[in-house]
Amino acid sequence: MPTLPEVGQNDFERASRLLHARTGIVLGAHKREMAERTLGLRARHVGATTVREFLDHLEKNPESSHWEAFVNAFTINHTAFFREAHHFDILASFAKARGKPFAVWCAASSTGEEPYTIAITLRENLPSPDTGVSILATDIDTHAIERAREGVYSIERVKPVPEAYLRKYFMRGTGQRAGMVRAKPALRDLIQFDVLNLLSPSWPSGQKFDVIFCRNTMIYFDKPTQTRILDRFATMLKPGGLLFAGHSENFTYLTKSFKLQGQTVYEVVK
Ligand SMILES: C[S@@+](CC[C@H](N)C(=O)[O-])C[C@H]1O[C@@H](n2cnc3c(N)ncnc32)[C@H](O)[C@@H]1O
């Protein structure tokens, strides 16, 4: 293996600025060591002799194909099935009360555990869910979306899924896929997976949602970015629609577009 390209004094700050402008993600100083190694690896992968040369290339070429791997390298994809499980009880009651058509946008869906949990919840709580129920699952990370679309998980990862749902909604792998499960079409067909940057000017158009999930993602953004995204989320919701946030996210003082319902669930103000 060739040695890693040299990382200069200002490379971390510059990479942080580029990442922030592109994705909203703020790279804390405590990530410096990890980030510098990642930058070295990315630079070597594209054949640059220094990290500076690699960053010059990104800065001068906003359309460069190297951006994708650069962004993917800095996303944190931690997620789980039935994470913050009380949210799915709230979703179930809300969906039952509202009825069909019912549309959900899962706006930072990572590797898919969250949208599949939403799909299970809607299948279990809405009548004839093959029509009039839709879930849009998006994330900036192209690898995460690919994995989400496949819907293949280790037995370990599906441990939080109740046994009855596991049998009903997942197929067990055999042969080389032993120890793995795959979401059945009953779940996969409810979900459309797409790559989407929450900072991008183009968001899903022509569709309004009953619910938006954007959990454990805004914590990586600064406050002005959070406010901008929240105000845009508000325009994407139907009257009375809900926004589900992560357990450590508090949007109360950031915008007047939402009011807290409790348990990190916000109702749009219209
Ligand atoms: C920690 S995961 C949260 C996953 C899931 N929402 C949950 O709570 O389990 C954060 C996700 O946000 C995504 N993300 C970060 N910046 C983003 C952006 N600007 N646009 C869309 N997704 C972004 C990352 O790729 C990552 O998959």
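This note goes through the fold in a few numbered points.

1. First, the ground rules. This is a predicted model: local features need pLDDT of at least 70, side-chain atom pairs count only at pLDDT 80 or more, and totals for chains, interfaces and linings use all residues. Residue numbers start from 1 along each chain, as its sequence is written.

2. Start with the elements. The protein has 10 helices and 10 strands. These are DSSP runs, numbered from the N terminus: helices are H or I with at least four residues, strands are E with at least two.

3. Next, overall dimensions. The C-alpha atoms fill a box of roughly 60 × 55 × 30 Å along the principal axes. The radius of gyration is 20 Å, which agrees with the value near 18 Å for a compact globule of 270 residues. That radius is taken over C-alpha atoms, and the globule rule is 2.2 Å times the number of residues to the power 0.38.

4. Now burial. Of the 270 residues, 36% count as buried. Buried means that 20 or more other C-beta atoms, placed from the backbone, lie within 10 Å of the residue's own.

5. Look at one sheet. It is open, with 3 strands in the order β3-β5-β4 and antiparallel pairing. β3 (152-154) and β4 (170-172) stand at the edges with a single partner strand each, so one side of each lacks a neighbour in the sheet. Two strands pair if DSSP finds at least two bridges between them.

6. Zoom in on one pair. β3 and β5 (residues 180-183) pair in the antiparallel sense over 3 bridges. Which residue in β5 does Y153 stand opposite? Y153 stands opposite V181.

Notes. A residue is buried if 20 or more other C-beta atoms lie within 10 Å of its own, exposed if 12 or fewer, and partly exposed in between; C-beta atoms are placed from the backbone.
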